[in-house]
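The following exercises concern a bound ligand and the space around it. Please study the sequence and the structure before working through each solution.

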Amino acid sequence: MTTIGAFETALRARRDSGGKILVPYITGGLGDDWIETLHAVAEAGADGIEIGIPFSDPVMDGPTIQEANDRSLSSGTTPQSILNAVRETDLQVPLAVMTYYNIAFRAGDVRFANALVDAGISAAILPDLPLEETTSWAAAADEAGVETILLAAPTAPDERLPLICERSRGFVYGVGLLGITGVRSSLARSAMDIATRLKAVTDKPVLVGVGVGTPDQAVEVSTVADGVVVGSAIVNRMLSGAGPEGVAELVAEFRSALDGRWPGHATRGRQ
Amino acid sequence: MSDGVKAVMGDPSEDGRFGQFGGRFVPETLVPACQDLEKAFRSAWGDQVFRDELSTLLADYAGRPSPVTECHRLGEELGYRVLLKREDLNHTGSHKINNVMGQALLAKRMGKTRLIAETGAGQHGVATATAAALFGMECIVFMGEVDIVRQELNVFRMNLLGAEVVPAMSGSRTLKDAVNEAMREWVAQVEDSYYCLGSAMGPHPYPWMVRTFHEVIGSEAREQCARILDGGVPDVVTACVGGGSNAIGIFSGFADTDAELVGVEPAGGAAVGRRVPGVVHGSKSYLMQDEVGQVLEAQSISAGLDYPGVGPEHAHLADIGRARYESVTDAEVVEGFQLLARTEGIIPALECAHALAWMSRERDELAGKTVLMNLSGRGDKDVAQMMEVLGR
Ligand SMILES: Cc1ncc(COP(=O)(O)O)c(C=O)c1O
């Protein structure tokens, strides 16, 4: 039996109280006020926050997050500058980083895992590190007490999903569609499918992300899933210069919708 | 594959490693696709019908075997014996067709109807567009915006062949970014599309599969050299290295001999030369990157070698000391390009002009030896660019 980390504990608390989980994604180092944005987002009802550490070659990301990455990197952001800023601030919600494996590999698995702990970060998502390649990283992360969140995609055959769920910590990240990050006009059917398939094989929190871009879509997929990760919709707000309040406003809309307080959604179930 | 090749350049381990390099570092969405591809490749390669069909295509359509040419005038100028493996004479003008014919046949066998490719110089894109036309498949090719300008002729060829060429607008807007876009497209279209990767890189099984399809270069050259050299082998076998497919193909024919294997990288894209390991585009290998792990942009006159990474098997061959890797500057490449044209009447692609540049610079070290060089492609595509460089 593995101990349950801070990220999973917070998510379970939300779920056990009958609520739906909301994890927004914020690009680290994007704008001078990104730390204020973290605070505003936490206050607006996030259960946990995913902080993106920009990487030069983000193959899982669409134009929105690519642009955010580029802007952040060209303003001088480094993995260490993000971790330093996070260490010096005090947030009431657990944090995860999302970055690509080369950032961890270059620092060294053990050093990177320890640096996360040192900054007060609970979990990590490395989208180019699938189950078979996690061994070295996961050993370092487990030892340091960092929760390694694994992705589960619609393409996975049935027998693969329990293996992913077994190794995942924090939550299980269901990939909502065949494709990269970005807002879509409607929720893909694959989002409901992956949520259903994951819920059938695990008791860990199941969140769906990639292609969940509106409160409506979040509510729809959360009729099955335990909640959502919202990335590009939030980052779009950051890129448009909405500032901490503007971003928090959007997060609050997601929160209200998931809590059933959003106009028109109070009694809405799965159609 | 001969037993000797197996000993030095064996099959990768079950987890896709050559020594400590390789692997399958891809988004979860692509893992089942890579597993299916590995299964399909193993089954196809074990099937004589598939191999016969591929051999027939390579012979009757692509024009194999390609000859080995002895270069008397160049040899005289350099002071040693020079043999060229003439991959420039293949249909579409480079070695890329060997791999593409293999992968396109495999795609067909897997029931895929659409080919995705990335391209730098455009030679792999042209080869893939050619295969798509031949097999009646759809084809989409990603190409960096910078390369679209410097390899304009190949863009037109791809269009003529019915392929859609999509500019990669991010990052350095060269080959690295074209690979990113191709991988994103693959993630989105994995169900009906086949990713026809153009070099001995990427996630397992690509580095191994691409090498296997290019082993024909090495095995032909081994026999041809034996005929020319009275049963002997060359002292040195050299090739340019971008992702490393043409080099790995010719090296495979000589890995079990005493021949020295020399890969030549551009100075501005010398991934092996810098010896820093990293993970990008699906595998662990040597990678040009900064101190925190951001991938650096390569700088090379040649679009086909303008890439910060290298295939994992080259990293392994360097690691165990079986091959060595040298680098040359753009200026030396321009000299090498002209040298072959002037002495032998052959205009080389700028990519393989890197190997010529090294051969020319190191003529004292090579004096009295026999050097086999893989002439991976012809230079027609580079003529417009060279007109500008040479100011004519
Ligand atoms: C003629 C030619 N040679 C070599 C290369 C480099 O690729 P590789 O290192 O895979 O052989 C290219 C790539 O575009 C090419 O067109």
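**Exercise 1.** Determine the volume of the largest cavity and identify what takes up its space.

*Solution.* Step 1: in this predicted model, the largest cavity has a volume of about 300 Å³. Step 2: the count of cavities of 30 Å³ or more comes to 5. Step 3: the largest cavity is the space taken by the ligand. Step 4: its lining consists of 28 residues, and those nearest its centre are His95(B), Lys96(B), Gly304(B), Leu305(B) and Glu351(B).

**Exercise 2.** Describe the composition of the shell around the ligand and the domains that supply it.

*Solution.* Step 1: the ligand has 18 residues around it. Step 2: sorted by character, the shell comprises 11 polar, 5 nonpolar and 2 charged residues. Step 3: within chain B, domain 1 (16–58 + 96–206) and domain 2 (64–94 + 215–389) each contribute at least three residues to the shell.

**Exercise 3.** Identify the residues that come nearest to the ligand, and examine the polar contacts of its oxygen atoms.

*Solution.* Step 1: the nearest residues are Ser199(B), Gly242(B), Gly244(B), Ser245(B) and Ser376(B). Step 2: a side-chain N or O atom of Ser199(B) lies 2.5 Å from a ligand oxygen atom. Step 3: for Ser245(B), a side-chain N or O atom is 2.6 Å from an oxygen atom of the ligand. Step 4: Gly244(B) places a backbone N or O atom 2.7 Å from a ligand oxygen atom. Step 5: on its own the ligand has 390 Å² of accessible area, of which the protein covers 97%.

Methods:
Residues numbered from 1 in each chain as written. Chains lettered and ligands numbered in written order. Predicted model: local features only at pLDDT ≥ 70, side-chain atom pairs only at ≥ 80, totals over all residues. Heavy atoms only, no water. Near = heavy atom within 4 Å. Polar contact = N/O pair within 3.5 Å; in protein donor to acceptor, adjacent residues only side chain to side chain. Areas by Shrake-Rupley, 256 points an atom, 1.4 Å probe, with all protein chains shown as cover. 1 Å grid on protein atoms, 1.4 Å probe; cavity = no way out; pocket = protein on both sides within 12 Å on 5 of 7 lines; lining within 4 Å. Sits in = over half its atoms within 2 Å of the grid points. Nonpolar A, V, L, I, M, F, W, Y, C, P; charged D, E, K, R; others polar. Domains from an automatic or database assignment. Points joined across faces, edges and corners; volume = space filled by probe spheres on them.
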